[in-house]
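Reader: Please take one loop of this model and look at it closely, then follow its contacts outward. I would like a connected account rather than a list.

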Amino acid sequence: RKMTRVRRLAVFFVASVLLFSVMILPVYAKADININTFSDEQLYDYLMEKTKNDFLIAISEICKESVPAQITVVGVALSNRSDITDDELVQLISDNGNPYFLRRIAVETYAFRQPALIDDRINAIIADESEAADLRMILVSLLADFMNTSDVAMLTSVSNNADDNLAYNSIKALERVQPEAAFSIAVSIYENYEMETPARISIAAKVLSNHLGSSVQSRVMSSETITVNEFINRSAIIFSNTDNEEVRYAISRATESLSEDGVAPLTVTPRATGFQGYAAYRDGVISENLNLNWHAAIITGTETSMMYYIFAHARGSGATTELGSYSDFIGDGDPQGYYRPASTTLTSSQRDAVCATATDLAYARIPYVFMNPISYSISSSAFGKYPIDDILAIRCDGFVEYAYEYNDIRVYGDDTYWNISRVGTAYTEEHGGFQLTPRKQANDYMVRLGSL
């Protein structure tokens, strides 16, 4: 009987454990994967506490969503995992069986680590026509600082890609790696402009302007020659034979500082009226539970009705900075209003400057980035403020902040390091990670002026 009693107690104990497992563990498991309700900080801590293998499994699962709600936080967590090697990052990027967004944040992390030599598997992706053009574009843009002359042939080949954004950013990267090669391509584009795309003509105008300027002309020893007057005269011909706004704007900006011998530059000066120069926001992005669910833009254009204004913005993953209509900007979201920075009331001259900067950003075809509001070239020789040409990638909130702060209008940051356009690690770190999001930017650092 004693044995029977012991057995009964044992059976009861086992049954209790099993019942506990059935009742409790599924609840725990459900809580373990129900991360959509986590705050940014909770998700970050949750991921960072995991072992490396469990961490990689967890972020892979998150990135399987068509639009991962926590992609920025996941990216920041990945970038802060010192136990993940560069080779493992390259494996994440090069395995096309991995979720797209996992590969995407791995690219940003790999670039952030500033590789001394780019892995051959990365170059193979850039050259592979079967890979997504936007993945190849972000690789080209973020890794241009670390490429060398051995990459010139690859960049030259990609510079003629059918995808306009990839072609544009490949020529921009080539200008960093080997200016002579970019200059030669630009001359050829100008000579054959009737057969070229607006994107390639626009970057060619910028490259030729850069290299005909006195500050860089001495560095370019090309067999292809073009004088300043020839460049301006050819620009005038192209300008008069196209109605493409991107090409016209690129030419006007490229020629305005190169006038000589009485040849007038083709300038177009924006003027802020109505709602121009204010920031616009709409919801409907990513997740209802996180601050990332707003999208931001700068209102440009010349209309008096909001429905006909043009919006300059960093559109999102897979796209570049651009100008869009009201409906393009709103998409499937709901308008949240138009705002000004809380730091000041905007004068018309300030709004004019913001419009000009925002338009320059839009036409620069800058790729979208997840993990930081803005990414700059580490090879920049700029002093004071980064010019737009030194921006490698940008997020929509970074777009808005740069447009204001480049013009000394404060949006976000402490009293010392608030200006996101200024050169220096401290300024970049002040705006890093998920400290700032579009909704936080609007609600905490801007003043709502009215409805869209």
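Author: Helices and strands here are DSSP runs, numbered from the N terminus, with at least four residues for a helix and at least two for a strand. The model is a predicted one. In these terms, Arg365 sits in the loop between H17 and S6, and H17 covers residues 348-363, while S6 covers 374-376.

Start with the backbone of Arg365. Its phi is near 50°, a positive value in a residue other than glycine. Most residues other than glycine have a negative phi. Arg365 is also buried, because its relative accessibility of 13% falls under the 20% limit for that class.

One partner of this loop is Thr321. This residue lies in strand S4, residues 321-324, and its relative accessible area of 2% makes it buried. Arg365 is among the residues that Thr321 touches, as are Leu361, Ala362, Ala364 and Ile366. Two of these contacts are polar and involve the side chain of Thr321. One reaches the backbone nitrogen of Ile366 at 2.9 Å; the other reaches the backbone oxygen of Ala362 at 3.4 Å. The side chain of Thr321 thus has polar contacts with backbone atoms of Ile366 and Ala362.

The other residues that Thr321 touches include His313, Ala314, Ile394 and Phe399. Phe399 leads to helix H18, residues 396-405, where 10 of 10 residues are buried. The buried residues of H18 include Cys396, Gly398, Phe399, Val400 and Ala403, and also Asp397, Glu401 and Glu405.

On the H17 side of the loop, the next element to consider is helix H15, residues 245-255. H15 is mostly covered, with 8 of its 11 residues buried. The buried residues of H15 pack against H17, and also against helices H11 (179-191), H12 (198-212) and H14 (228-240). Among those buried residues are Val247, Tyr249, Ala250, Ile251 and Ala254. At the start of H15, a side-chain oxygen of Asn244 comes within 3.0 Å of the backbone nitrogen of Glu246, and Glu246 is itself one of the buried residues of the helix.

On the S6 side, the loop leads to the second largest pocket. S6 supplies at least two residues of its lining, as do H4, H6 (100-112) and H19 (425-430). The pocket has a volume of about 750 Å³. Phe112, Gln114, Asn372, Ser375 and Thr428 are the closest to its centre among the 26 lining residues. By class, the lining has 12 nonpolar, 11 polar and 3 charged residues.

Gln114, one of the residues closest to the pocket centre, has a positive phi as well, near 55°. It lies in the loop between H6 and H7. Gln114 counts as partly exposed because its relative accessible area is 43%, whereas Arg365 is buried.

Ser375, also on the list of residues closest to the pocket centre, is touched by Asp390. Asp390 is found in the loop between S6 and S7 and is buried, at 10% relative accessible area. Its side chain makes a polar contact of 2.5 Å with the side chain of Ser380. A further polar contact, of 3.2 Å, joins the side chains of Asp390 and Arg176. Asp390 also touches Tyr376, Ser377 and Ala382.

S6 and S7 (391-394) are both packed against by the buried residues of helix H8, which pack against H6, H7 (120-127), H9 (152-158) and H10 (164-177) too. H8 spans residues 133-143 and is largely enclosed by the rest of the structure, since 10 of its 11 residues are buried. Among the buried residues are Asp134, Arg136, Met137, Ile138 and Val140.

For scale, the protein has 20 helices and 8 strands, and 53% of its 452 residues count as buried.

Notes. Residues numbered from 1 in each chain as written. Predicted model: local features only at pLDDT ≥ 70, side-chain atom pairs only at ≥ 80, totals over all residues. Heavy atoms only, no water. Buried < 20%, exposed > 50% of the residue type's maximum accessible area, 1.4 Å probe, protein only. Polar contact = N/O pair within 3.5 Å; in protein donor to acceptor, adjacent residues only side chain to side chain. Contact = heavy atoms within 4.5 Å. 1 Å grid on protein atoms, 1.4 Å probe; cavity = no way out; pocket = protein on both sides within 12 Å on 5 of 7 lines; lining within 4 Å. Points joined across faces, edges and corners; volume = space filled by probe spheres on them. Nonpolar A, V, L, I, M, F, W, Y, C, P; charged D, E, K, R; others polar. Lists of a residue's contacts leave out its neighbours within four places in sequence.
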